[in-house]
Amino acid sequence: MHSDGHVHRITLVASDQTVECEAGDVMLRSALRAGIAFPYECNVGACGNCKFELVEGEVEVLWPEAPGWTAKDRERRRYLGCQSAPRGDCTIKMRPAAHYAPKHTPRRVTGTLVARRAITHDIEEFRFELSDDMPFEPGQYALLTLPGVAGQRAYSMSNIAERNGRPRELHFQIRRVTKGQGTGVLFDVLEPGTRIGIDGPYGMAYLRRDVKRDILCIAGGSGLAPMISIARGVAAEPALGDVKLHFLYGGRTPRDVCGRDMLEVLPGWAERLHFQAAVSDVTPDSESVWDGHVGFVHTVAETVFGEKLRDMEIYFAGPPAMGESVQRALIALKVPFEQVHFDQFY
Ligand SMILES: Cc1cc2nc3c(=O)[nH]c(=O)nc-3n(C[C@H](O)[C@H](O)[C@H](O)COP(=O)(O)OP(=O)(O)OC[C@H]3O[C@@H](n4cnc5c(N)ncnc54)[C@H](O)[C@@H]3O)c2cc1C
Ligand code: FES
């Protein structure tokens, strides 16, 4: 929160545009709300993509330990847009990039928890009813402000906007993280009726509705939600009626595998929507026998699809280590960069 509760004016040097930053907001998000194509990725201080240079004025650094902010940045008056709030009027230098122009203006709403259900032993779905609409594209994420937790946590939506584009509910599929502050509150403190702050939508790895190539969705661990949203978006989009979608889920052991039941109920299941799963840990656990793929998702994708990957539109989500392996595999296979979409889950 800002110390003074005022609206401050941010001037962008390159374009001479000005943006109003309201109390409790940050540089990056107030610029995106004004339609400015401010580069970013994670919104949670990890990736470092949202850096700007402070030319004039003063900012409050909300999370000084953010992994995306270095000592060198500090010396050069470079700050993270997602972790700094203006202390008064400011002038900043950043390089807008058209790719980041928001498709839907991000907005701050209140979400009331209306339902929870278990998906696996450590993933649960949380459904929030919104105080106001939040249009979004399949694959995008929102920021949750949780009681007693510093900063925000990013979670991808698993549902899609209704045909008229005005969703009043957001569904998240969240994996419990050992000793995680945010997931600790989500799993142990939140009860139906609890209200939290939700800000969104954000993210660039959304469904490209104008591309008619077949699709591969790769989800690892907690990366289930945005890929389910994309699959639901494809099933619901008449313009993509001829597009085939392959869904590949990667987990550590068989009891981690999920997602199939959510695809089976969609129109086009088994005809143009297909599901496969891989586990990396071959030791069978006590509850299930495994007859799917064994290995990491990037190797399985390579084995199953091979050179066909070059003609596919590829979406993936999951932990950074998986993201790096998938990217490396796709580069080695010469899959064009423009056909690959992901936001890393820091
Ligand atoms: C774009 C994106 C989408 C994601 N989607 C999903 C999803 O659909 N499902 C899912 O299970 N997980 C998702 N994640 C991961 C999720 O955001 C959390 O990192 C994860 O749940 C662990 O949170 P935690 O609070 O339990 O763990 P912690 O270890 O307590 O917190 C880790 C996260 O909080 C941030 N953070 C920590 N302290 C602060 C602070 N003081 N101020 C500001 N930020 C702080 C860190 O950058 C890091 O992102 C996504 C992440 C990103 C970036
Ligand atoms: S560090 Fe700000 S967007 Fe990732």
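**Domain arrangement and the surroundings of ligand 1**

The C-alpha centres of domain 1 and domain 3 lie 34 Å apart in this structure, which is a predicted model. The protein as a whole is divided into three parts, with domain 1 covering residues 8–100, domain 2 covering residues 107–202 and domain 3 covering residues 215–342. Because domain 1 and domain 2 both give residues to the shell around ligand 1, the ligand lies between these two domains.

The shell around ligand 1 can be described first by its members and then by the elements that carry them. There are 23 residues around the ligand, and of these Arg153, Ala154, Tyr155, Gly182 and Thr183 come nearest. When the residues of the shell are sorted by character, 12 are nonpolar, nine are polar and two are charged. Strand S11 (153–156), strand S12 (169–175) and helix H3 (181–188) each supply at least two residues of this shell, and the most is given by S11, which contributes four residues.

Several polar contacts are found between the ligand and the protein, and they involve both backbone and side-chain atoms. On the backbone side, a polar atom of Ala154 lies 2.6 Å from an oxygen atom of ligand 1, while a polar backbone atom of Gln181 is 2.9 Å from an oxygen atom of the ligand. On the side-chain side, an N or O atom of Thr183 is placed 2.6 Å from an oxygen atom of ligand 1. Ligand 1 has 940 Å² of accessible area on its own, and the protein covers 86% of that area.

Two features of the backbone also deserve a description. Lys179, whose place is in the loop between S12 and H3, has a positive phi of about 65° although this residue is not a glycine. The peptide bond that runs from Gly200 to Pro201 is cis, with an omega near 0°, and Pro201 itself lies in strand S13, which is made up of residues 195–202.

Aromatic side chains were examined over the whole structure, and the search finds nine aromatic pairs. One aromatic cluster is formed by Tyr40, Tyr100, Tyr141 and Tyr202. A further tyrosine, Tyr206, takes part in an arrangement with a charged residue, in which the charged end of Arg208 sits over the ring of Tyr206, at 4.2 Å from the centre of that ring.

Definitions and conventions. Residues numbered from 1 in each chain as written. Chains lettered and ligands numbered in written order. Predicted model: local features only at pLDDT ≥ 70, side-chain atom pairs only at ≥ 80, totals over all residues. Heavy atoms only, no water. Near = heavy atom within 4 Å. Polar contact = N/O pair within 3.5 Å; in protein donor to acceptor, adjacent residues only side chain to side chain. Areas by Shrake-Rupley, 256 points an atom, 1.4 Å probe, with all protein chains shown as cover. Nonpolar A, V, L, I, M, F, W, Y, C, P; charged D, E, K, R; others polar. Domains from an automatic or database assignment. Phe/Tyr/Trp six-rings, centres within 6.5 Å; stacked < 30°, edge-to-face > 60°. Lys NZ or Arg CZ within 6 Å of the ring centre and 35° of its normal.
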